[in-house]
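Trainee: I should like to learn how to read the features of a structural model. May we go through one together?

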Amino acid sequence: MRVAGFLLLLAGWAIVLSAAALLKPSAARAAFVLAGVGVEALGLVLAVRSYIAPKGDRG
Amino acid sequence: MTEAAGVLCFAMILLVPFASLGLALMNTGLGRSRSAAHAMLTALCIVATAALVFFICGFCWAGATGRAAHSINIAGKLWNWSGAEAPFFGGLPLDGSTPSLVALLQMLSVGLAALIPLGAGTDRWRLAPACVSAAVMAGLTYPLFAHWAWAGGWLAQLGPLYGMGRGYLDAGGAGCIQVIGGLTALCIAWILGPRRGKYGASGMPAAIPGHHTVFVLLSCFLVWLGWCGLNSAGAMLFAGVAPGTCVLIVVNTTLAAGLSALAAAAITRARFGRPDASLCANGWVGGLVASSAGCAFMAPAVAALTGLVAGALVTLSVEWIDLYLGVDDPGGSISVHAVAGVWGLMALGIFGRVPAGQWLAQLTGVATLFGFVFPLTYTSNWLLNRFLPYRVSQEGEWQGMDLHELGAGAYPEFVIHREDFTQR
(Lines give C-alpha, C1' and ligand atoms only; values in the text may rest on other atoms or scores of the structure.)
Protein backbone atom coordinates (compact mmCIF):
# COMPACT_ATOMS: atom_id res chain seq x y z
CA MET A 1 0.00 0.00 0.00
CA ARG A 2 2.89 2.33 0.80
CA VAL A 3 4.58 1.76 -2.55
CA ALA A 4 1.27 2.23 -4.34
CA GLY A 5 0.78 5.50 -2.48
CA PHE A 6 4.13 6.88 -3.53
CA LEU A 7 3.58 5.70 -7.12
CA LEU A 8 0.25 7.55 -7.14
CA LEU A 9 2.01 10.68 -5.90
CA LEU A 10 4.40 10.46 -8.83
CA ALA A 11 1.58 9.71 -11.27
CA GLY A 12 -0.40 12.71 -10.07
CA TRP A 13 2.62 14.95 -10.54
CA ALA A 14 3.06 13.58 -14.07
CA ILE A 15 -0.56 14.51 -14.85
CA VAL A 16 0.01 18.04 -13.53
CA LEU A 17 3.19 18.44 -15.60
CA SER A 18 1.55 17.08 -18.73
CA ALA A 19 -1.38 19.44 -18.36
CA ALA A 20 0.93 22.41 -17.90
CA ALA A 21 3.12 21.51 -20.86
CA LEU A 22 0.59 20.28 -23.40
CA LEU A 23 -2.64 22.21 -22.88
CA LYS A 24 -3.33 25.85 -23.68
CA PRO A 25 -4.63 28.18 -20.94
CA SER A 26 -8.22 27.06 -20.48
CA ALA A 27 -10.65 25.55 -18.05
CA ALA A 28 -9.62 22.12 -19.31
CA ARG A 29 -6.02 22.74 -18.26
CA ALA A 30 -7.10 23.81 -14.80
CA ALA A 31 -9.32 20.72 -14.59
CA PHE A 32 -6.43 18.42 -15.53
CA VAL A 33 -4.15 20.08 -12.97
CA LEU A 34 -6.83 19.63 -10.31
CA ALA A 35 -7.26 15.99 -11.38
CA GLY A 36 -3.52 15.47 -10.96
CA VAL A 37 -3.65 16.99 -7.50
CA GLY A 38 -6.59 14.68 -6.72
CA VAL A 39 -4.52 11.65 -7.71
CA GLU A 40 -1.72 12.92 -5.47
CA ALA A 41 -4.18 13.31 -2.59
CA LEU A 42 -5.23 9.70 -3.08
CA GLY A 43 -1.59 8.62 -3.03
CA LEU A 44 -0.98 10.59 0.14
CA VAL A 45 -3.97 8.96 1.82
CA LEU A 46 -2.65 5.51 0.88
CA ALA A 47 0.85 6.29 2.14
CA VAL A 48 -0.53 7.70 5.39
CA ARG A 49 -2.83 4.72 5.94
CA SER A 50 0.06 2.32 5.47
CA TYR A 51 1.74 3.95 8.46
CA ILE A 52 -1.23 4.03 10.81
CA ALA A 53 -0.50 1.16 13.17
CA PRO A 54 -3.46 -0.78 14.51
CA LYS A 55 -4.44 0.50 17.95
CA GLY A 56 -2.49 -1.39 20.56
CA ASP A 57 0.54 -1.92 18.32
CA ARG A 58 1.86 1.61 18.58
CA GLY A 59 4.88 2.57 20.56
CA MET B 1 20.69 45.66 -7.61
CA THR B 2 22.12 48.99 -6.41
CA GLU B 3 24.88 49.11 -3.81
CA ALA B 4 22.50 50.40 -1.12
CA ALA B 5 20.02 47.62 -1.89
CA GLY B 6 22.85 45.11 -1.73
CA VAL B 7 23.91 46.36 1.70
CA LEU B 8 20.33 46.19 2.99
CA CYS B 9 19.94 42.70 1.55
CA PHE B 10 23.20 41.55 3.18
CA ALA B 11 22.05 42.95 6.53
CA MET B 12 18.76 41.08 6.20
CA ILE B 13 20.58 37.84 5.34
CA LEU B 14 22.62 38.18 8.53
CA LEU B 15 19.35 37.93 10.52
CA VAL B 16 18.53 34.48 9.10
CA PRO B 17 20.66 32.51 11.63
CA PHE B 18 18.33 33.82 14.35
CA ALA B 19 15.59 31.72 12.75
CA SER B 20 17.83 28.64 12.98
CA LEU B 21 18.69 29.43 16.58
CA GLY B 22 15.02 29.88 17.41
CA LEU B 23 14.01 26.58 15.83
CA ALA B 24 16.84 24.73 17.58
CA LEU B 25 15.83 26.20 20.93
CA MET B 26 12.16 25.41 20.33
CA ASN B 27 12.90 21.79 19.41
CA THR B 28 15.06 21.45 22.51
CA GLY B 29 12.43 22.94 24.79
CA LEU B 30 9.71 20.69 23.38
CA GLY B 31 11.80 17.57 23.97
CA ARG B 32 12.72 15.76 27.18
CA SER B 33 15.30 17.20 29.58
CA ARG B 34 17.46 14.07 29.27
CA SER B 35 17.95 14.80 25.54
CA ALA B 36 18.40 18.58 25.69
CA ALA B 37 22.16 18.84 25.10
CA HIS B 38 21.91 16.27 22.32
CA ALA B 39 19.15 18.27 20.61
CA MET B 40 21.20 21.48 20.59
CA LEU B 41 24.39 19.74 19.47
CA THR B 42 22.52 17.91 16.70
CA ALA B 43 21.05 21.23 15.55
CA LEU B 44 24.52 22.74 15.37
CA CYS B 45 25.92 19.75 13.49
CA ILE B 46 22.98 19.77 11.05
CA VAL B 47 23.47 23.46 10.22
CA ALA B 48 27.20 22.88 9.76
CA THR B 49 26.69 19.80 7.56
CA ALA B 50 24.04 21.48 5.43
CA ALA B 51 26.18 24.57 4.82
CA LEU B 52 29.22 22.44 3.93
CA VAL B 53 27.35 20.16 1.54
CA PHE B 54 25.60 23.10 -0.10
CA PHE B 55 29.01 24.73 -0.58
CA ILE B 56 30.51 21.54 -2.03
CA CYS B 57 27.76 20.47 -4.42
CA GLY B 58 24.32 21.91 -3.55
CA PHE B 59 24.85 25.21 -5.30
CA CYS B 60 25.80 23.29 -8.48
CA TRP B 61 22.12 22.35 -8.91
CA ALA B 62 20.58 25.35 -7.20
CA GLY B 63 22.32 28.07 -9.22
CA ALA B 64 21.04 31.60 -9.59
CA THR B 65 18.92 33.47 -12.12
CA GLY B 66 20.82 34.39 -15.27
CA ARG B 67 23.68 31.94 -14.68
CA ALA B 68 24.52 28.62 -16.35
CA ALA B 69 21.73 26.04 -16.33
CA HIS B 70 20.63 22.77 -17.97
CA SER B 71 17.46 22.86 -20.08
CA ILE B 72 15.42 20.37 -22.07
CA ASN B 73 13.01 21.05 -24.92
CA ILE B 74 9.43 19.98 -24.20
CA ALA B 75 6.77 20.70 -26.84
CA GLY B 76 8.88 23.50 -28.31
CA LYS B 77 9.61 25.24 -25.01
CA LEU B 78 12.79 25.16 -22.95
CA TRP B 79 12.38 23.71 -19.47
CA ASN B 80 15.18 24.89 -17.23
CA TRP B 81 15.56 21.98 -14.77
CA SER B 82 18.93 22.33 -13.06
CA GLY B 83 21.72 24.76 -12.37
CA ALA B 84 25.12 24.11 -13.95
CA GLU B 85 27.50 25.72 -11.51
CA ALA B 86 30.96 24.47 -10.59
CA PRO B 87 31.46 22.75 -7.20
CA PHE B 88 32.86 24.69 -4.22
CA PHE B 89 31.25 27.93 -5.45
CA GLY B 90 33.74 27.79 -8.35
CA GLY B 91 33.42 30.73 -10.70
CA LEU B 92 31.13 32.59 -8.29
CA PRO B 93 32.48 36.02 -7.36
CA LEU B 94 31.88 36.47 -3.60
CA ASP B 95 31.80 40.25 -3.90
CA GLY B 96 28.33 41.37 -2.94
CA SER B 97 26.89 40.80 -6.42
CA THR B 98 23.36 39.42 -6.67
CA PRO B 99 24.46 35.80 -7.36
CA SER B 100 26.81 35.90 -4.37
CA LEU B 101 24.00 37.14 -2.11
CA VAL B 102 21.74 34.39 -3.49
CA ALA B 103 24.39 31.79 -2.67
CA LEU B 104 24.85 33.17 0.84
CA LEU B 105 21.12 33.27 1.60
CA GLN B 106 20.66 29.74 0.30
CA MET B 107 23.61 28.43 2.31
CA LEU B 108 21.98 29.77 5.48
CA SER B 109 18.43 28.83 4.58
CA VAL B 110 19.29 25.23 3.71
CA GLY B 111 20.46 24.85 7.30
CA LEU B 112 17.11 26.18 8.47
CA ALA B 113 15.28 23.69 6.25
CA ALA B 114 17.43 20.82 7.50
CA LEU B 115 16.69 21.74 11.13
CA ILE B 116 12.95 21.31 10.70
CA PRO B 117 12.91 17.46 10.70
CA LEU B 118 14.82 17.47 13.99
CA GLY B 119 11.61 18.61 15.70
CA ALA B 120 9.90 15.41 14.59
CA GLY B 121 12.83 13.17 15.55
CA THR B 122 13.41 14.63 19.02
CA ASP B 123 14.41 12.18 21.78
CA ARG B 124 15.18 9.26 19.43
CA TRP B 125 17.09 10.38 16.29
CA ARG B 126 20.79 9.62 16.50
CA LEU B 127 23.34 12.34 15.76
CA ALA B 128 25.20 10.78 12.81
CA PRO B 129 22.10 9.78 10.79
CA ALA B 130 20.61 13.22 11.39
CA CYS B 131 23.68 14.81 9.82
CA VAL B 132 23.64 12.37 6.88
CA SER B 133 19.96 13.13 6.28
CA ALA B 134 20.73 16.86 6.36
CA ALA B 135 23.47 16.25 3.80
CA VAL B 136 20.99 14.57 1.45
CA MET B 137 18.63 17.49 1.76
CA ALA B 138 21.37 20.09 1.21
CA GLY B 139 22.90 18.22 -1.70
CA LEU B 140 19.84 16.93 -3.52
CA THR B 141 16.24 17.77 -2.67
CA TYR B 142 16.56 21.40 -1.59
CA PRO B 143 18.86 22.57 -4.43
CA LEU B 144 16.71 21.01 -7.15
CA PHE B 145 13.50 22.60 -5.98
CA ALA B 146 15.23 25.87 -5.13
CA HIS B 147 16.49 26.07 -8.71
CA TRP B 148 13.04 25.43 -10.12
CA ALA B 149 11.45 28.07 -7.91
CA TRP B 150 14.13 30.69 -7.34
CA ALA B 151 16.71 30.53 -10.11
CA GLY B 152 14.63 30.88 -13.26
CA GLY B 153 13.73 27.18 -13.33
CA TRP B 154 10.65 25.74 -14.97
CA LEU B 155 8.34 26.53 -12.04
CA ALA B 156 9.36 30.19 -12.10
CA GLN B 157 8.86 30.20 -15.89
CA LEU B 158 5.26 28.93 -15.74
CA GLY B 159 4.09 32.53 -16.13
CA PRO B 160 6.03 33.66 -19.21
CA LEU B 161 5.87 30.24 -20.93
CA TYR B 162 2.38 29.02 -20.06
CA GLY B 163 0.40 32.05 -18.93
CA MET B 164 0.12 31.05 -15.28
CA GLY B 165 0.26 34.45 -13.59
CA ARG B 166 3.83 35.45 -12.76
CA GLY B 167 4.91 31.81 -12.52
CA TYR B 168 5.41 30.04 -9.20
CA LEU B 169 6.09 32.69 -6.53
CA ASP B 170 7.67 32.02 -3.16
CA ALA B 171 9.48 35.09 -1.89
CA GLY B 172 10.49 33.87 1.57
CA GLY B 173 10.73 30.13 1.03
CA ALA B 174 7.36 28.77 2.20
CA GLY B 175 7.83 25.92 -0.28
CA CYS B 176 11.59 25.78 -0.78
CA ILE B 177 12.43 25.83 2.91
CA GLN B 178 9.33 25.16 4.99
CA VAL B 179 7.31 22.58 3.06
CA ILE B 180 10.46 20.65 2.11
CA GLY B 181 11.48 20.65 5.78
CA GLY B 182 7.97 19.71 6.92
CA LEU B 183 7.61 16.82 4.47
CA THR B 184 11.07 15.57 5.46
CA ALA B 185 9.89 15.73 9.07
CA LEU B 186 6.95 13.47 8.18
CA CYS B 187 9.32 10.99 6.50
CA ILE B 188 11.61 11.00 9.54
CA ALA B 189 8.72 10.55 11.97
CA TRP B 190 7.46 7.59 9.93
CA ILE B 191 10.89 5.98 9.72
CA LEU B 192 11.71 6.47 13.40
CA GLY B 193 8.31 5.52 14.79
CA PRO B 194 6.86 7.02 17.98
CA ARG B 195 8.75 7.43 21.25
CA ARG B 196 8.34 4.56 23.68
CA GLY B 197 5.41 5.22 25.95
CA LYS B 198 3.80 7.69 23.57
CA TYR B 199 0.94 5.38 22.63
CA GLY B 200 -0.64 3.10 25.19
CA ALA B 201 -2.24 -0.30 24.69
CA SER B 202 -5.50 1.35 23.69
CA GLY B 203 -3.71 3.38 21.02
CA MET B 204 -4.43 6.67 22.76
CA PRO B 205 -1.48 9.06 22.76
CA ALA B 206 0.02 10.11 26.07
CA ALA B 207 0.96 13.75 26.51
CA ILE B 208 4.73 14.09 26.85
CA PRO B 209 5.13 17.78 27.66
CA GLY B 210 8.24 19.69 26.66
CA HIS B 211 10.78 20.19 29.42
CA HIS B 212 11.38 23.96 29.06
CA THR B 213 8.46 26.21 28.13
CA VAL B 214 10.58 29.33 28.56
CA PHE B 215 12.97 28.13 25.84
CA VAL B 216 9.98 27.49 23.59
CA LEU B 217 8.46 30.94 24.09
CA LEU B 218 11.80 32.76 23.93
CA SER B 219 12.47 31.08 20.61
CA CYS B 220 9.33 32.75 19.20
CA PHE B 221 11.06 36.14 19.45
CA LEU B 222 14.22 34.80 17.84
CA VAL B 223 12.45 33.19 14.89
CA TRP B 224 10.46 36.40 14.37
CA LEU B 225 13.68 38.35 13.93
CA GLY B 226 15.07 35.67 11.62
CA TRP B 227 11.92 35.55 9.55
CA CYS B 228 11.90 39.31 9.01
CA GLY B 229 15.37 38.96 7.51
CA LEU B 230 14.54 35.81 5.55
CA ASN B 231 11.36 37.21 4.00
CA SER B 232 12.92 40.58 3.18
CA ALA B 233 16.11 39.21 1.67
CA GLY B 234 14.22 36.50 -0.21
CA ALA B 235 11.74 38.97 -1.66
CA MET B 236 14.53 41.24 -2.90
CA LEU B 237 16.61 38.44 -4.38
CA PHE B 238 13.98 36.01 -5.66
CA ALA B 239 10.97 38.22 -6.41
CA GLY B 240 12.82 41.37 -7.42
CA VAL B 241 10.96 43.74 -5.11
CA ALA B 242 12.33 47.20 -4.29
CA PRO B 243 14.20 47.65 -0.97
CA GLY B 244 11.44 49.96 0.30
CA THR B 245 8.99 47.05 0.20
CA CYS B 246 10.82 45.59 3.21
CA VAL B 247 8.61 47.73 5.46
CA LEU B 248 5.47 46.08 4.06
CA ILE B 249 7.15 42.68 4.36
CA VAL B 250 8.01 43.12 8.04
CA VAL B 251 4.50 44.45 8.79
CA ASN B 252 2.93 41.45 7.03
CA THR B 253 5.27 38.98 8.71
CA THR B 254 4.49 40.39 12.15
CA LEU B 255 0.73 40.52 11.60
CA ALA B 256 0.61 36.95 10.30
CA ALA B 257 2.60 35.62 13.25
CA GLY B 258 0.60 37.58 15.79
CA LEU B 259 -2.83 36.63 14.48
CA SER B 260 -1.76 33.02 14.15
CA ALA B 261 -0.59 32.86 17.77
CA LEU B 262 -3.79 34.56 18.95
CA ALA B 263 -5.88 32.09 16.95
CA ALA B 264 -3.98 29.22 18.58
CA ALA B 265 -4.54 30.76 22.01
CA ALA B 266 -8.26 31.22 21.37
CA ILE B 267 -8.74 27.70 20.02
CA THR B 268 -6.84 26.01 22.85
CA ARG B 269 -8.70 28.19 25.37
CA ALA B 270 -12.01 27.11 23.87
CA ARG B 271 -11.07 23.43 23.69
CA PHE B 272 -9.07 22.88 26.87
CA GLY B 273 -10.20 25.74 29.11
CA ARG B 274 -6.75 27.41 29.10
CA PRO B 275 -4.38 28.60 26.39
CA ASP B 276 -1.67 26.03 25.65
CA ALA B 277 1.81 27.59 25.63
CA SER B 278 3.48 25.12 23.27
CA LEU B 279 0.61 25.21 20.78
CA CYS B 280 0.63 29.02 20.87
CA ALA B 281 4.34 28.92 20.06
CA ASN B 282 3.61 26.49 17.24
CA GLY B 283 0.91 28.87 16.04
CA TRP B 284 3.32 31.81 16.08
CA VAL B 285 5.84 29.95 13.92
CA GLY B 286 3.04 28.66 11.69
CA GLY B 287 2.00 32.25 11.03
CA LEU B 288 5.56 33.16 10.11
CA VAL B 289 5.72 30.18 7.76
CA ALA B 290 2.41 31.11 6.11
CA SER B 291 3.61 34.68 5.62
CA SER B 292 6.73 33.64 3.74
CA ALA B 293 5.29 33.04 0.29
CA GLY B 294 3.23 36.19 -0.13
CA CYS B 295 4.84 38.65 2.29
CA ALA B 296 5.59 41.14 -0.50
CA PHE B 297 2.37 40.64 -2.49
CA MET B 298 -0.34 40.95 0.14
CA ALA B 299 -2.08 43.85 1.83
CA PRO B 300 -1.56 43.81 5.62
CA ALA B 301 -5.18 42.83 6.28
CA VAL B 302 -4.85 39.84 3.95
CA ALA B 303 -1.59 38.80 5.61
CA ALA B 304 -3.35 38.97 8.98
CA LEU B 305 -6.17 36.79 7.67
CA THR B 306 -3.62 34.33 6.28
CA GLY B 307 -2.00 34.14 9.71
CA LEU B 308 -5.35 33.68 11.43
CA VAL B 309 -6.19 30.67 9.24
CA ALA B 310 -2.67 29.30 9.66
CA GLY B 311 -3.04 29.41 13.44
CA ALA B 312 -6.27 27.42 13.27
CA LEU B 313 -4.80 24.91 10.81
CA VAL B 314 -1.67 24.36 12.88
CA THR B 315 -3.52 23.94 16.17
CA LEU B 316 -6.06 21.49 14.79
CA SER B 317 -3.63 19.52 12.63
CA VAL B 318 -1.15 18.99 15.50
CA GLU B 319 -3.88 17.14 17.41
CA TRP B 320 -5.14 15.33 14.32
CA ILE B 321 -1.70 14.06 13.32
CA ASP B 322 -0.97 12.93 16.87
CA LEU B 323 -4.32 11.33 17.59
CA TYR B 324 -5.57 9.92 14.30
CA LEU B 325 -2.42 9.35 12.22
CA GLY B 326 -0.34 7.96 15.09
CA VAL B 327 2.62 10.15 14.10
CA ASP B 328 4.74 11.25 17.06
CA ASP B 329 5.98 14.75 16.18
CA PRO B 330 7.14 16.36 19.47
CA GLY B 331 8.02 19.68 17.83
CA GLY B 332 4.89 19.92 15.69
CA SER B 333 7.16 20.29 12.64
CA ILE B 334 4.77 18.67 10.18
CA SER B 335 1.88 20.96 11.03
CA VAL B 336 3.92 24.12 11.52
CA HIS B 337 6.05 23.85 8.41
CA ALA B 338 4.27 21.59 5.90
CA VAL B 339 0.61 22.44 6.59
CA ALA B 340 1.13 26.17 7.17
CA GLY B 341 3.59 26.36 4.26
CA VAL B 342 1.14 24.86 1.79
CA TRP B 343 -1.57 27.20 3.07
CA GLY B 344 0.74 30.20 2.63
CA LEU B 345 1.58 29.23 -0.94
CA MET B 346 -2.07 28.84 -1.89
CA ALA B 347 -3.15 31.99 0.00
CA LEU B 348 -0.77 33.98 -2.19
CA GLY B 349 -2.35 32.55 -5.34
CA ILE B 350 -5.89 33.18 -4.13
CA PHE B 351 -5.70 36.44 -2.14
CA GLY B 352 -2.43 38.08 -3.20
CA ARG B 353 -1.94 41.08 -5.49
CA VAL B 354 -0.96 38.83 -8.40
CA PRO B 355 -2.15 38.33 -12.02
CA ALA B 356 -4.94 35.93 -12.94
CA GLY B 357 -3.87 32.31 -13.16
CA GLN B 358 -1.41 32.62 -10.28
CA TRP B 359 -3.28 30.04 -8.23
CA LEU B 360 -2.57 27.44 -10.92
CA ALA B 361 1.17 28.14 -10.76
CA GLN B 362 1.09 27.89 -6.97
CA LEU B 363 -0.88 24.63 -7.18
CA THR B 364 1.65 23.23 -9.65
CA GLY B 365 4.40 24.09 -7.16
CA VAL B 366 2.57 22.36 -4.32
CA ALA B 367 1.94 19.33 -6.57
CA THR B 368 5.67 19.20 -7.30
CA LEU B 369 6.51 19.27 -3.61
CA PHE B 370 4.20 16.34 -2.90
CA GLY B 371 4.63 14.46 -6.17
CA PHE B 372 8.40 14.72 -6.58
CA VAL B 373 10.19 16.04 -3.50
CA PHE B 374 8.23 13.94 -0.98
CA PRO B 375 8.79 10.52 -2.65
CA LEU B 376 12.44 11.39 -3.32
CA THR B 377 12.96 12.41 0.31
CA TYR B 378 11.22 9.35 1.68
CA THR B 379 13.11 6.94 -0.58
CA SER B 380 16.52 8.44 0.17
CA ASN B 381 15.92 8.45 3.93
CA TRP B 382 14.44 4.95 3.88
CA LEU B 383 17.56 3.68 2.08
CA LEU B 384 19.89 5.49 4.45
CA ASN B 385 18.05 3.98 7.41
CA ARG B 386 18.85 0.53 6.04
CA PHE B 387 22.60 1.17 6.24
CA LEU B 388 22.76 3.61 9.15
CA PRO B 389 19.89 2.98 11.58
CA TYR B 390 18.23 6.27 12.47
CA ARG B 391 16.69 5.29 15.79
CA VAL B 392 18.59 4.97 19.05
CA SER B 393 18.42 1.65 20.91
CA GLN B 394 15.71 1.00 23.47
CA GLU B 395 18.25 1.31 26.28
CA GLY B 396 19.54 4.59 24.87
CA GLU B 397 16.06 6.02 24.62
CA TRP B 398 15.31 5.13 28.24
CA GLN B 399 18.67 6.48 29.38
CA GLY B 400 18.28 9.69 27.38
CA MET B 401 20.15 10.85 24.30
CA ASP B 402 22.49 13.01 26.37
CA LEU B 403 23.99 10.25 28.44
CA HIS B 404 23.80 7.63 25.70
CA GLU B 405 25.40 9.58 22.85
CA LEU B 406 27.28 12.39 24.60
CA GLY B 407 28.15 10.83 27.95
CA ALA B 408 26.87 13.78 29.98
CA GLY B 409 23.52 15.41 30.64
CA ALA B 410 22.46 18.98 29.93
CA TYR B 411 21.48 19.62 33.56
CA PRO B 412 23.91 17.55 35.65
CA GLU B 413 22.95 19.19 38.94
CA PHE B 414 19.28 18.34 38.62
CA VAL B 415 17.67 14.97 39.26
CA ILE B 416 15.69 14.33 36.13
CA HIS B 417 14.53 10.72 36.36
CA ARG B 418 11.35 10.10 38.28
CA GLU B 419 12.42 6.48 38.67
CA ASP B 420 15.16 7.59 41.04
CA PHE B 421 12.50 8.47 43.61
CA THR B 422 10.54 5.30 43.24
CA GLN B 423 11.00 2.68 45.97
CA ARG B 424 11.73 -0.69 44.47
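Mentor: Let us begin with a definition: helices are DSSP runs of H or I with at least four residues, numbered from the N terminus. The model before us is predicted. Just after helix 9 of chain B, Gly273(B) adopts a positive phi of about 90 degrees.

Trainee: What span should the 27 residues of helix 9 of chain B have, and how far apart are its end C-alpha atoms?

Mentor: One takes 1.5 Å a residue. Helix 9 of chain B covers residues 246-272, so a span of 39 Å is expected; the end C-alpha atoms lie 38 Å apart, which agrees.

Trainee: How much confidence does the predictor report for chain B?

Mentor: The mean pLDDT of chain B is 94, with 98% of its residues at 70 or more. Residues 420-424 of chain B, however, stay under 50, and for them the model has one contact beyond four places in sequence. For the complex, the predictor gives an ipTM of 0.94 and a pTM of 0.95.

Trainee: How many residues of each chain are in contact with the other chain?

Mentor: In general, the size of an interface is often given as the accessible area lost when the parts come together. Here we may count residues instead: 24 of chain A are in contact with 28 of chain B. On the side of chain A that touches chain B, helix 1 (2-22) and helix 2 (27-51) of chain A each supply at least two residues. The largest share, nine residues, comes from helix 1 of chain A. By class, that side of chain A has 17 nonpolar, four polar and three charged residues.

Trainee: At what angle do helix 2 and helix 4 of chain B pack?

Mentor: As general background, an α-helix has 3.6 residues a turn, so residues three or four places apart point the same way. Helix 2 (residues 16-30) and helix 4 (residues 98-120) of chain B pack at about 10 degrees, their axes being 9 Å apart. Angles under 35 degrees count as roughly parallel, so helix 2 of chain B is roughly parallel to helix 4 of chain B. Among the residues making the contact are Leu23(B) of helix 2 and Leu112(B) of helix 4 of chain B. This contact has twelve nonpolar, five polar and no charged residues.

Trainee: Is the crossing of helix 9 and helix 10 of chain B left-handed or right-handed?

Mentor: That crossing is right-handed. The axes of helix 9 and helix 10 (residues 277-294) of chain B come within 7 Å and cross at roughly 145 degrees. The contact includes Ala257(B) of helix 9 and Trp284(B) of helix 10 of chain B. Its residues divide into twelve nonpolar, nine polar and no charged.

Methods:
Residues are numbered from 1 along each chain as its sequence is written. Chains are lettered from A and ligands numbered from 1 in the order in which they are written. This is a predicted model: local features need pLDDT of at least 70, side-chain atom pairs count only at pLDDT 80 or more; totals for chains, interfaces and linings use all residues. pLDDT is the predictor's confidence in each residue, from 0 to 100. Two residues are in contact if their C-beta atoms, placed from the backbone, lie within 7 Å. The expected span of a helix is 1.5 Å times one less than its number of residues. Ala, Val, Leu, Ile, Met, Phe, Trp, Tyr, Cys and Pro count as nonpolar, Asp, Glu, Lys and Arg as charged, and the others, Gly among them, as polar. Axes are lines fitted to C-alpha atoms, for helices over the stretch in contact, and angles run from 0 to 180 degrees between N-to-C directions. Angles under 35 degrees count as roughly parallel, over 145 as roughly antiparallel, 65 to 115 as roughly perpendicular and the rest as oblique. A crossing is left-handed if the near helix is turned anticlockwise from the far one by less than a right angle, and right-handed if clockwise.
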